[in-house]
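Grab a pencil and work through these exercises with the model open beside you. Each one sets a task and then walks through a solution.

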Amino acid sequence: MSTKPKLYYFDGRGKMESIRWLLAAAGVEFEEEFLETRDQYEKLLQGGSLLFQQVPLVEMDGMKMVQTRAILSYIAAKYNLYGKDLKERALIDMYVGGTDDLMGFILMFPFLSAEDKEKQRALIVQKATGRYFPVYEKVLKDHGQDFLVGNSFSWADVHLLEAILMVEEKKSDVLSGFPQLQAFKARISSIPAIKKFLEPGSQRKPVPDDKYVETVRRVLRMYYDVKAN
Amino acid sequence: MSGKPRLIYLNGRGRMESIRWLLAAAGVEFEEVYLETKEHFEKLIKDGSLLFQQVPLVEIDGMKMVQTRAIMSYIAGKYNLYGKDLKERALIDMYVEGISDLMQMILMFPFSPPDAKEKNLESIKERATNRYFPVFEKVLKQHGQDFLVGNKFSWADVQLMEAILAVEEKVPDVLSGFPQLQVFKTKMSNMPTIKKFLQPGSPRKPPPDAHYVETVLKIFKI
């Protein structure tokens, strides 16, 4: 029996992608089982594996973990990516809360109509450049350190890099007003575990396409009529 | 200068209510500043108090904390309501996150358009009775203990108690199929700090009314 964490999700980003990022950043190898049919999902449901009838599901350390935030917090703490004390953890939680809200605007993007996508793209860029990126730019500028919290690599750094790359996929020059973030992006990308994750052939998933949307809708029988924020 | 945490929010439940519950359950006294005008909110933003230009804001231990979950995790950690180890914390996190999804539906309900209210109410009832309450009914039945995790009072118990009462306000007989949760509710109600919070005159806020909705829309210019 493998002791590697096992991830159950669609073969695509969705809510599981942040978990893939964090495990990879921690240098933890993991297995994946991709949901492709309604039957697979119903089997998981009937087997009692999904506490709230939802994925992501991550089997690790004898637990069937659900709820993305719970899973991420557990991984961060286990692999020492959660700061050295309660106050550093509080800062990391605040920063991750922000990048999570930002990525939330992108999460539902593939499910929108073509017209709504254009509106949403503009909203994503506006939120990124007006609300979120300035915060992290200032944090890095004020302390002049390589990492967001406690001069030590943490979950907050991984999550921010993931968010930066996702927003860049929507507008490639979005970092043009943010020199600190440009340097941060280069620095974090060159950390060996992250560099490996960014290379072709890793478990990082591509930008969601129509096939991904169709699979999610078919398996979950949901998200047929998603409106923009 | 008071050492008490200071909560900055509207004079109503919203996202701050779970924080009030948790502080109260931990026996921590706190102060509140109520946002009543757009100008007050804009001043807070201009002052740099709101990291992401949003409330809740909780000033605690020299920090200006935002992001509801971050605030609650900090309070839970500080006041020993977060389990005894990583695995208990994971369970508490899972339970709290699930309940939070249910609470989100209740949070948004007052803002539903009139023609969607009945449907949304049905959704709340359906989710509570088919997805969330059965989980906690089963957890309590299986271990037979008073508290959800580790035989000890935790954040998960507080959050579940808040959710039960919030759903009951909308669906009064919602616990009729859940005997364990009925017992749980009674036990929680009798815990001294919670009992105090449930009495009139406590910082607990009433269900959102039209005035609250109007204030939210005015201040946040939605």
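Before starting, note how angles work here: axes are lines fitted to C-alpha atoms, for helices over the stretch in contact, and angles run from 0 to 180 degrees between N-to-C directions. Helices (H or I, at least four residues) and strands (E, at least two) are DSSP runs, numbered from the N terminus.

This is a predicted model, where local features need pLDDT of at least 70, side-chain atom pairs count only at pLDDT 80 or more, and totals for chains, interfaces and linings use all residues. Residues are numbered from 1 along each chain as its sequence is written, chains are lettered from A and ligands numbered from 1 in the order in which they are written, and side-chain values use heavy atoms, with hydrogens and water left out.

**Exercise 1. Work out how H6(A) and H7(A) cross.**

Step 1: find helix H6 (residues 155–170) and helix H7 (residues 179–189) in chain A; their axes come within 10 Å and cross at roughly 115 degrees.

Step 2: name the arrangement. That angle makes H6(A) roughly perpendicular to H7(A) (under 35 degrees is roughly parallel, over 145 roughly antiparallel, 65 to 115 roughly perpendicular and the rest oblique).

Step 3: pick out the contact (heavy atoms within 4.5 Å). H6(A) brings residues including Leu160(A), Leu161(A) and Ile164(A), while H7(A) brings, among them, Leu181(A), Phe184(A) and Ile188(A).

Step 4: sort the contact residues of H6(A) with H7(A): seven nonpolar, one polar and three charged. Here Ala, Val, Leu, Ile, Met, Phe, Trp, Tyr, Cys and Pro count as nonpolar, Asp, Glu, Lys and Arg as charged, and the others, Gly among them, as polar.

**Exercise 2. Lay out the open sheet of chain A.**

Step 1: put its four strands in the order S2-S1-S3-S4, with mixed pairing. Strands pair if DSSP finds at least two bridges between them.

Step 2: spot the edges. Strand S2 (31–34) and strand S4 (63–66) of chain A each pair on one side only.

Step 3: check the twist, which averages 20 degrees from one strand to the next.

Step 4: look inside the sheet. S1 (residues 6–9) and S3 (residues 57–60) of chain A run antiparallel and are joined by three bridges; Leu7(A) has Val58(A) as its bridge partner in S3(A).

Step 5: add helix H3 (residues 68–78) of chain A, which lies across S3 and S4 of chain A at about 120 degrees to S4(A).

**Exercise 3. Find the residue opposite Ile8(B) in S3(B).**

Step 1: in chain B, S1 (residues 6–9) and S3 (residues 57–60) pair in the antiparallel sense over three bridges.

Step 2: read across from Ile8(B), and you land on Leu57(B).
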